[in-house]
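Please examine the structure below with the sequence at hand. The paragraphs that follow lead from a single strand to the sheet around it, and then to the chains.

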There are 2 protein chains.
Amino acid sequence: MESFGQRLNHKIRACGTPALVGIDPRWELLPDAVRTTAAGGKGTIFERTAAAFESFSRQLIDIVAPLVPAVKPQVAFFEQLGVPGCRALHSVMTHARKAGLIVIADAKRGDIGSTAEAYADAWLAGEDPEAAAWPADALTINPYLGSDSIQPFVDCAVTRGAGIYVLVRTSNPGASDFQDRISQDQSLYEAVGDVVQKLSEEHRGSSQYGPVGAVVGATWPQQLSALRERMPAVPFLIPGYGTQGGTSSDSAGAFHDSGLGALVNSSRGINFAWLRKPYSEQFGQQRWQEAVEAATRDMINDLATHTPAAALKSPTQTPPS
Amino acid sequence: MESFGQRLNHKIRACGTPALVGIDPRWELLPDAVRTTAAGGKGTIFERTAAAFESFSRQLIDIVAPLVPAVKPQVAFFEQLGVPGCRALHSVMTHARKAGLIVIADAKRGDIGSTAEAYADAWLAGEDPEAAAWPADALTINPYLGSDSIQPFVDCAVTRGAGIYVLVRTSNPGASDFQDRISQDQSLYEAVGDVVQKLSEEHRGSSQYGPVGAVVGATWPQQLSALRERMPAVPFLIPGYGTQGGTSSDSAGAFHDSGLGALVNSSRGINFAWLRKPYSEQFGQQRWQEAVEAATRDMINDLATHTPAAALKSPTQTPPS
């Protein structure tokens, strides 16, 4: 079985970019055409909204699948629609897997003992999409409950060739409230990072990266670079690029010279590109799909120019000496 | 509109107990009769298992509804079954609300900005079960992402008469890994506790307790008592009683003299009472429902004997001077 790290690296190399597209459907931001179709359907408001989310997300996937290695559905927006939303999420995740994308479920789950086992079993399908109720390659995890709450996810990930991304340093302003608290010359996020590094190192085998990743916001570039030093075996997931203010230069420190080591996520900036310049003027909402494609290509180029991602362009190169 | 704190206290007084029953269906622990019925049904393995979970949980609710104020469905076990599990969860939560129970969804959600708003909107129905996709009175929350990740839940809770329970000091052994880290003479869990106290105080109005509660494990009795002092306006949710080793004496410090201030949860100990002595001998799995009822009554009596919950027995009493 291929490990998550191996599959991810193959896919990143094949696409030549570490760009990750978030799937964040929101009713008030959907193009009118998608909303009108849904409104004409039958069923409850949740069912019709879920139909719109599903239609939008599947179109989004079809556009980005030839361009990027991975997508990250935000579970909250589907959960908000109850059972119909869950059904739409499952359909969207399945569609993304069939399109050959790596699927990272952004659910930020966390619990203890057999409950953590249940969440892991629920989400970590890994190599075989049929291996779990939700066909994710990887899942985001919250570490507050401690190492023994992370272990069941690691065990399941190793068994199934799946990955987890543990919240280490998040992209929001309030991240500093608890994550920056220093105890014996070490902040909480560094302590979490050390646990994550240890777990990934333990299970990386002959791969450069293990199955335990870290979520580190692009909004904290110095911390990002320091964490890359501290966590050499850990694949990073970097939110905060674009709408949240993080730039590609801010993300640069997360990568190794090979161009590997991180995925940089954009959600709103891609999903709703038609709402912002220059795409709003160039395409408008009638041509929202073209806006999505243009914004994705622009992100890919931006990352290639300002991060080591350019190294990915020649996939057969030897590692830098 | 009645606040969550008011509704909870009325219900605790009406039942005369702070016992909270977790709803934790697990296939391998279900009585044969429930499993056989499910196995005879149609559909996928997830659909049949979900049917068994739903049947079991609804029977459990019918047994405990006349005895306790609240139930706590563990979302992970339903999520593990995909869309059919979500459908079962919704049915179970709706059934519990109709039975007059306070429903605390144990989902440990947490995210930032509009994503946190989506989770809050999804789960915090509050006073009106129809106000959200999932009809919960309250939801458990993970604080790792910081104060700005908690605020959207607070805002929604205040608007809808709902409550949240923030993880402060969890019941697992690994809780100490991060939660006990001390920064400037204050542990992380104390820092989280202070935020929780501030938020609950801010929104408690004329009630003794605000809408922002704390999860504090029964397995740490000294910390529990200290946190009660530190967080006078905060309703506690205490896991770890029973199977995890916490006793009613361990929980005693969470209560005010009125007998109010906390709910003590038991999940496995009640759900699968037929598996352990003395209920296994007295009832066995053929009479698992009677085992549930006996275990619930025993827990209620235990709490009444070893915590200030006895004060609840005289609901018209004046507050202690």
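In this predicted model, strand β3(B) is mostly covered, since eight of its eight residues are buried. The covering is found on both faces of the strand. On one side stand Ile102(B), Ile104(B), Asp106(B) and Lys108(B), and on the other Val103(B), Ala105(B), Ala107(B) and Arg109(B). The buried residues of β3(B) thus include Asp106(B), Lys108(B) and Arg109(B).

Which strands pair with β3(B)? One partner is β2(B), which runs parallel to β3(B) and is joined to it by two bridges. In this pairing, Val71(B) stands opposite Val103(B). Another partner is β4(B), also parallel to β3(B), with three bridges joining the two strands. Here Ala105(B) of the central strand has Leu139(B) in β4(B) as its bridge partner.

These pairings belong to a wider arrangement. In chain B, eight strands form a closed barrel in the order β1-β2-β3-β4-β5-β8-β9-β10, with parallel pairing. From one strand to the next, the twist averages 30°. The two ends of that order, β1 (residues 19-23) and β10 (residues 262-266) of chain B, pair in the parallel sense over three bridges. Within this pairing, Asn265(B) in β10(B) is the bridge partner of Leu20(B). Helix α1 (residues 4-15) of chain B packs on the sheet, where it touches β2 (70-73), β3 (102-109), β4 (138-141) and β5 (163-169) of chain B. The direction of this helix makes about 125° with that of β3(B).

Chain A may now be considered. Its secondary structure comes to 14 helices and ten strands. Eight strands of chain A form a closed barrel that runs β1-β2-β3-β4-β5-β8-β9-β10, with parallel pairing. With direction ignored, neighbouring strands of this sheet are turned by 30° against each other on average. Strands β1(A) and β10 (residues 262-266) of chain A run parallel and are joined by three bridges, and Leu20(A) stands opposite Asn265(A) in β10(A). Helix α14 (residues 288-306) of chain A packs on the sheet and touches β1 and β10 of chain A. Its direction makes about 145° with that of β1(A).

Strand β2 (residues 70-73) of chain A offers a further view of the barrel. Strand β1 (residues 19-23) of chain A pairs with β2(A) in the parallel sense over four bridges, and Val21(A) stands opposite Val71(A) in β2(A). Strand β3 (residues 102-109) of chain A also pairs with β2(A) in the parallel sense, over two bridges, and Ala70(A) stands opposite Ile102(A) in β3(A). Are the residues of β2(A) that point in opposite ways buried or exposed? Ala70(A) and Lys72(A) point one way from the strand, Val71(A) and Pro73(A) point the other way, and all are buried.

The overall form of chain A can be described by several values. Along its principal axes, the C-alpha trace spans about 60 × 45 × 40 Å. A compact globule of 321 residues would have a radius of gyration near 20 Å, and the 19 Å of chain A agrees with this. Buried residues make up 64% of the 321 residues in the chain. Among contacts between residues at least 6 apart in sequence, 72% join residues at least 24 apart.

How many residues of chain B are in contact with chain A? There are 49, and they are in contact with 48 residues of chain A. Several elements of chain B give two or more residues to this side, among them α5 (82-98), α6 (113-123), α7 (147-160) and α9 (188-202). The residues of the side of chain B that touches chain A divide into 23 nonpolar, 18 polar and eight charged.

How the two chains are related remains to be stated. A turn of 180° and a shift of 0.0 Å along the axis lay chain B on chain A with an RMSD of 0.0 Å. That is the relation of a two-fold axis. In chain B, the C-alpha nearest the axis is that of Ser183(B), at 2.5 Å. The same surface serves both copies, as 98% of the contact residues of chain B recur in chain A.

Finally, one residue of helix α9 of chain B may be noted, namely Asp194(B). This residue counts as partly exposed because it has 14 C-beta neighbours inside 10 Å. From C-alpha to C-alpha, Asp194(B) and Asp302(B) are 31 Å apart in space, and they are 108 residues apart in sequence.

Note on methods
Residues are numbered from 1 along each chain as its sequence is written. Chains are lettered from A and ligands numbered from 1 in the order in which they are written. This is a predicted model: local features need pLDDT of at least 70, side-chain atom pairs count only at pLDDT 80 or more; totals for chains, interfaces and linings use all residues. Two residues are in contact if their C-beta atoms, placed from the backbone, lie within 7 Å. Ala, Val, Leu, Ile, Met, Phe, Trp, Tyr, Cys and Pro count as nonpolar, Asp, Glu, Lys and Arg as charged, and the others, Gly among them, as polar. Copies are superposed by least squares on the C-alpha atoms of residues with pLDDT of at least 70 in both. A residue is buried if 20 or more other C-beta atoms lie within 10 Å of its own, exposed if 12 or fewer, and partly exposed in between; C-beta atoms are placed from the backbone. Two strands pair if DSSP finds at least two bridges between them. The radius of gyration is taken over C-alpha atoms; the globule rule is 2.2 Å times the number of residues to the power 0.38. Axes are lines fitted to C-alpha atoms, for helices over the stretch in contact, and angles run from 0 to 180 degrees between N-to-C directions.
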